Structures are given as C-alpha cells and as structure tokens.
Amino acid sequence: MAHIGPSGFSPYPVAVYEGVLTPPPGKALMFNEIVDEEIAMREAAKAMLTRQNPTIFPGPQVLYAWNEEAKEKAKLVRKMAEVLGAKIIPMYDYRPKYPKINPAIEINPNHPNLTIWHNKIKACIFVGVHCHYANVALKIIRAETDCFTIAMCSMAGHEDAMITLRDQHVEEMEKFIKIAEEVKKELGK
Amino acid sequence: MSYKIYKINEELKDFMPKEIIDLEEKATWGNPKRGVMDLPYTKELIEEHSLCAGCPESMALRYIIASLPNPEDTIIVNSTGCTSLVFPHIALHTVHSLFGNQNAVASGIKRVLEWRFPDKVKDVVVLAGDGATVDIGLDCTLQSFFRQEKITTICFDNEVYANTGGQESGLTVKGHVFKMAPKGKQWDKVPMWQLAIDSGCHYVARLTVSSPKRVEQVIKKAIYVAREVGPTYVHLYTPCILEIGLNSDDGLDEMRARDKERFAFFEYMTPQAEEVINRIKEEGLL
Amino acid sequence: MQATETILYNRAGQRVVSPDYLLFEAPRTKHFMTGSEAVKEAVKRASVDASVSYPITPQSEAAHLIGELWVEGYVGVYFRGESEFGVMSEIAGCAMAGARCITTTSGPGTLRAMENFPMWAGTRIPVQLVLMARGINSPLSIQPDNLEVSFLLDTGCMIWYAETAQDLFDMILAGFVVAEQPDVHVPLITVVDGFFVSHTREAVMLPPDDIALPPYNPYRAPMPVIDAEVPPGRFLRDPFVMKSNYISYATHASWQWEVRAAIERSRPYAKHYLRGLVEHFGDPEADLVFVACGTASAQAKEAVRLLEDEGIPARVVKLKTIRPFPIEELREAVKGAKYIFVPEFNVVGWLEREVRRYLYGHSNAEIIGAPRVAGGMTMPAEVIVKEVLKLTGKEVKHVI
C-alpha cells in the first residue's frame, strides 16, 4: 500500500489506483516496495513485536480442519501467536452478523474496524481469510484505523496491507516463526 | 459428507465463540432421520435473524432447515425478499444472486456439482418468496421444471411483496387491497401448485406451516424425489402478519384458519415419485 | 540422473500443458475457418467444465459448436437456457459451484442479460463471455454494430477486443488463465464484431488438439466455492450488506472498489499472455495515428496502406483490452501524434470518449471521432482515408 487514509472521494483507499499491485512470485510487498520475502518477514515480525496489542486474525481456511494443510497451519498460527505475544481473534465466517458482533472476541470483514478500535490493536496478521474478504476488510482497516496490517496469503497477496507475504504455506509459516524468534531475541524480548 | 468444514482445529478452538463450537458439536450432522423434533435439543442451523417477531416465515425456515436430510451436503439458493435477511445466518452454503433468477442459478449449481462430484449426493434446494417464484422469476421457475432439473423449489407464499412494503403480488387473492392495487386486486390468485404439476414436477405439495411435523414430511419427500427423479415443488402459506394487520401471536391461528380453505393440504406425486417415497418410508427415513 | 516427469491428463483425456506452452511454444498448423469455429477450437483446448447457450444471431453457431464439444466429451455440462437472463444466471450458478465456464451472446441478448454482469463481477466468478457484437433494438437489426459494448464498460467485467479469428482463439485461452488468477478472478467479456469475425473465414494457426490448459482449481478462488466442501460452512454468496444494523455501507463501498482493483491487477498477466495490451502497425514515426479496436483496427490498417501509397505516413494503435484500459500504453504510443482518429462501428463513439478521457492533459493531438459507421454498414478503408483527407486537404485520385 502507498498511503494511510482515504482515496479520492471514496472513504476506502485502493492501493492499485496508486499503482501498487500484488508482488510477483517469490517476492513480498512492503508499503509500495517490492522486497525479498525475508526482509518483509523481518519487518512484519518487528511490527508485531513492537506495536501495542498485536493480534492474529485467522480465517476459515485455517480455523477449520477441512484438509491436512489447514490442520498444520492451525498449529503454526498458535505457535506464531506465542512467539509474537499476540492475541488470536477469529474471523470464523463472513456473514453480516445480526444483531451485532462482540468486538472483544470476533472480527467481521464487513466492519473489521470495530474489533481493531475496541481492542486498540496496532498491528495484525490476516491468515487463512479468503482473498476477497481480506481485501474488503483491509481497505476499510486502512482508512478507518492506524493498525499496521500484515497479510499472510496462500495465494497472490493483498496490496492493501502494509506488508503482504504471498504463497504462504506450511514451510513459509515455519520460516516466519523462525525469523520472528530471531527478531525477538534481537529486540531483547 | 462435508462435516469436515464445521470441524474446528483443536489448536484454535479456545478462541472460537460458543455458537460456532456448538455448531460442530451439537448440531445434527450425518443423520438423515433428523427432523423438527430435534429443535428443542440440538443446535439449530439458524442463528439470530431480523425477521419480525412472530413471523410465520421464520417458523417455516426453522422447520425446513431442521428437516433437511443431508444438511452437510445441501446448497440452498435464495432470492430477494424477507427470506434473504435470514440467509446470512444459516449455517450452510447458500446463494443470493438476483431477484427472480434463483431456479436458474440452482440449475447451474446442481448440474456442475453432479459433474464435479459424481459419487456424492449434493441436494440443491430453492427457497424464495411468492414475488420471486411466481412474478419476476416465473420464467426461470417453470423452465427449470420443464428441463427436469433435479432440484426442490419451495415457495414461501405470504400473498404480498412484504419486504418492499406491502404491494400486490400474483399470489394475492382477488379483491384484496394492497399497495399498487388500491382498488383491490382485479384477478385471481395464480394456482402455482397446478402450474408446477403441468410443468413436470414429480412431487407437489400445498400447505400452511401450522403443523411442523407435516412440513418435515413434505420437505423430506420433496428432497428425496428431486434427488432421484426430477423437479419437486412445495407451496407454503407463511402469512405476513404485519401486512394483513395481525399481532405477533396471531400467525398460527391465521394459518389454521386457512388450513380449512384455500391452503387445505394438497399433495400430488407421479408414479416414479411414489416409488421413491415408498422406498424411503420402508427405510425408516420418513 | 534422469528426472521423472509426471504427465497429467484432463477429463477429456488431453495432455495438460502450461498456458505458456499452449499459447507460445506448441507447434502450430494453419487452418481455414470462421470466428465461430475458432471459438470451438479454443474451447476444445481449454478444459472447460460448463457452457450454457441460447440462440441469437450472430453468436448461435459458436454456441452450437460448443454443444458438439460437449457430445464429444470436451465440455462437462452443456444445455440451452430459457433466455439470456436465464443463461447468464445459470452460468453464474455453474461458476459458483466451481466450474470453468464459457458462454456467448450478441446485441439484444447482452441487454436482456444485463443485470447479471455486475452480479458476476461482485460475486467474483471468472466466467468468460464471448460477445459477438450486433446492433441493439429498436429497430431490430442483426447486423454488426458494437454499441452494446458501451453499456458493459462499467459492469466490473474485464473487456478484451479481438480483431481476427486468430486473436479470438488466442484471447479465449489467455482469458481463462488471466481471469482465474486468484488476485483477479472477475469475469471476462471477449468481444468480436459479429459477422465480420464470426462468419468470415480466415487462416488461423492452431496448436495440436490433444493438449489443453490445466483444469480450473476452484479452491484458489477469492471466495468460497458453493460446493459444501470448503469452510466457512455458514456462507451466503452474496449477503445483503446495506442494513444499517450491520454498519456496512462500508462493505458495499469497499467491495465495489475491490472489484475494480481486481481488474487493475489483471494488467501484468494480460500483458504477458496477450503480448502487450496494444499492438502497433505502420510507420512508427507518423504523426497521424488511428486508435481502434476490433474490425475498425483491421480497416484502419488497410487505410494506412492506402495512405502510404499517397505519401501520407500513418499508423495504428490497436487496443486489445478496453477494461483494463491500456492507459500508459496509449499515452506512450501517441507521443508526437498530431492527429488521432478513432474509427468506430457505432453511433455514440464510446471508444472516442475513452480515448479523450485518458489522453486529457497528456496529448496535444487533435482527437477526431471519425469515421463512424453503424447498423451493419461496413467501413471501407477508403472511407477512413476520406476522413483523413478532409483534414489535410490533399486530393487523392482513388478515393470515391
């Protein structure tokens, strides 16, 4: 993404209109820069370890045991939260919930800002959220909050996140956890 | 069966709200004998929704969802109207596309699921109001019957466009005054159940939702016949108590009154459908 | 050490090859065929799961031929729908259930189906619609005219425009690959001018028909596929989000942006698989430029040849994509241009509007929305030349 804040007359900014696209395979996106995955992972870990109330938002693709990869990833999400000292707040489905969500324990793509406001979250990781809903939510979060957003995507990534990691599967998540452990040590935490 | 999509990974279970854990543990999955009698004891597949207090349509939805013989592999296609306010809260894969195209969308889904999963049973059910089924969507509804699509179509007939504020529909009775019919409706209620028979449906039923058990029987028959033979149609009276000036607790009495006249229970089946129904009965599934 | 190679086959028994191999590397042989037949040849190599058809001239033949492929086992699901509204809804159902889908329509059919196109885009299905443009009512005309495209510009669908049967063949194959990228995943409307391309025979270079694109993987889609095999189990595609108690004006606005962003994300993929979003023809130094798409660009190329004979250097910038619009490519291409002609097969000049919009403040050239023909008229190269001569004042003998 390029800037925090609205884009034109729309309340929701769109990075592609500022010329920022998803990163090419093998690379990552940090703000509007295409960088090596390792650099982005390091910065992502740093953001989570230094900002207030870091939170991981796992989506349906890792919450439910629908395939072997999901089962593995769930373990890694838990481990990642431990290493980063992060909370876990699930985005367990995408429905507009009636009558309202409980922002202390859940996040909804239709108004993700409520959960971020309520818990004063300053850094977050999206993982296992279907790309469309991640993109809808990330645009809203970017304009409505000062939360540092990190997308850990198993597909092509999300240019509206501040850091986007693409093609993230079990191996890459393990790599991220290793890097996070290193960064944590460096920070003396 | 696709129960796996409701199964929460152990490592993340601590963070899930109770309603989602209950869905995995206390809903009835993999049991074709499930039915309305489970309602008080099991987790329902519908969460809180925004229909009016006492709305008979909300009762109908609960009975129908509780009666699906194969919920973990059932797709429901919906249309615009009051029902579409409930659909986000139904714990199944459902579709809202356009106003009136529900039977067309359902046809595409059913055919592709048969092609993609030749060894699995995937039931496709259409659930829409009278405006969607009989007015704006009549072409798509009847054409799916003509084409013998293996889907179940359920019409919630409240005899009015309720969600848009009470306008006359094709299923309004003659003479009734609604918006857009300020002099009273000039023509007769469309006998949709008869059109369904003439258009090739193999099982057709007309009833109110005053008796949960009867709704369950009809829904199960309609789904089993659609699975094996061809299109089926269920016409349910779910009065809009708001638009006909009744109180929240009047819905049941209104339906019981209509049970004796224009919504007297009516059932039709072709010989092929009867064969399926008899077999299912023998298997103890009805 | 010798590497072991796994050979994959699709359900029709064709060997699965990479899109790059199929499009750029596989040996090709020359065939003589209509645009409709080129559609069949493309679909045959595209591992297509489903197609729904409806008769309307001039696209009917292409739809019949896809039916033949279904009989031969190359297409999984095929049937005739009740109207274009029904067809586009049926194909939407097919796509939501996880199928690679193609359908075709023309003119009044496009308008009959109209409500579906923004729905397709909003629900993120990569359906491919081959549009064989024809006039729209009233009065009725079955003749070529691409006015209908102007109605489609802001539906949230990608729009590509093929000039020839060869273009159409290659675009259909490239189209599935680009539209199905997980970060794109919006519908694609592949346009050709009816009759001029659909019914005209020309040489088309085809790769062998025992190879095909990799099958579609619906589990890479940005939205859960409707098959009860992917979480969340509670999923409505697509919910009402405007109720104030859901506080979600936000969702609708963000969702609309997301669909447009998805089109933008298609640029690098389209550049690769179409070998650029524009094509250049003629004298690269010429300050007289035709910007056109489809048959109008074919005729503009002929006009460039005629003008060359008369000593007037000219060139053509052919736009292969309309959505996304090749903004940078066009601005770059018209640097140094003095006159930009936009020849079109419709009365409103939708392409001229687009060209003006994107060149505003970026070019000092005079933009002339001419010539314009419609209602089935042809656009002889001489007519184009005549428009140019009106401007330059030069007398040329062979022009009528």
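These notebook entries record what I looked up in the predicted model shown above.

**Conventions and confidence**

I number residues from 1 along each chain as its sequence is written, with chains lettered from A and ligands numbered from 1 in the order in which they are written. Because this is a predicted model, I take local features at pLDDT of at least 70 and count side-chain atom pairs only at pLDDT 80 or more, whereas totals for chains, interfaces and linings use all residues.

I noted that the model scores ipTM 0.97 and pTM 0.97. For chain C the mean pLDDT (the predictor's confidence in each residue, from 0 to 100) is 95, and 96% of its residues reach 70 or more.

**The sheet that holds strands of chains B and C**

I looked up strands and helices as DSSP runs numbered from the N terminus (helices are H or I with at least four residues, strands are E with at least two), and I took two strands as paired if DSSP finds at least two bridges between them. Eight strands form an open sheet with mixed pairing, in the order β7(B)-β5(B)-β6(B)-β4(B)-β3(B)-β1(B)-β2(B)-β11(C). At its edges stand β7 (266-269) of chain B and β11 (235-237) of chain C, each with a single partner strand, so one side of each is left without a neighbour in the sheet. Neighbouring strands here are turned by 15° against each other on average, direction ignored (axes are lines fitted to C-alpha atoms, for helices over the stretch in contact, and angles run from 0 to 180 degrees between N-to-C directions).

Which strand of chain B pairs with β11(C)? It is β2 (residues 93-96) of chain B, which runs parallel to β11(C) over three bridges, and H93(B) has F235(C) as its bridge partner. Within chain B, I also followed β4 (residues 152-157) and β6 (residues 232-237), which run parallel and are joined by six bridges; there T152(B) is partnered by T232(B).

**Contacts between chains**

I then listed the contact of chains C and B (two residues are in contact if their C-beta atoms, placed from the backbone, lie within 7 Å), and found 37 residues from chain C and 36 residues from chain B. On the side of chain C that touches chain B, the elements giving two or more residues are β4 (77-80), α4 (84-96), α6 (116-122) and β11 of chain C. Of these, α4(C) gives the most, with nine residues. That side of chain C divides into 19 nonpolar, nine polar and nine charged residues, where Ala, Val, Leu, Ile, Met, Phe, Trp, Tyr, Cys and Pro count as nonpolar, Asp, Glu, Lys and Arg as charged, and the others, Gly among them, as polar.

For chains B and A, I found 17 residues of chain B in contact with 21 residues of chain A. The side of chain B that touches chain A has nine nonpolar, four polar and four charged residues.

**The seven-stranded sheet of chain C**

In chain C I traced an open sheet of seven strands in the order β4-β3-β5-β6-β8-β7-β15, again with mixed pairing. Its edges are β4 and β15 (321-323) of chain C, each with a single partner strand, so one side of each has no neighbour in the sheet. The twist averages 20° from one strand to the next. Strands β7 (residues 158-161) and β8 (residues 188-193) of chain C pair in the parallel sense over four bridges, with Y161(C) opposite V191(C) in β8(C).

**A hairpin and a helix pair in chain A**

In chain A, β1 (residues 27-30) and β2 (residues 33-36) pair in the antiparallel sense over four bridges, and M30(A) has E33(A) as its bridge partner. This hairpin has two residues between the strands, and F31(A) takes a positive phi near 50°.

I also looked up α1 (residues 37-50) and α6 (residues 170-186) of chain A, whose axes come within 9 Å and cross at roughly 55°. They are therefore oblique to each other (angles under 35 degrees count as roughly parallel, over 145 as roughly antiparallel, 65 to 115 as roughly perpendicular and the rest as oblique). The contact of α1(A) with α6(A) is made by residues including M41(A) and A45(A) of α1(A) and F176(A) and I179(A) of α6(A). By class, the residues of this contact are seven nonpolar, no polar and five charged.
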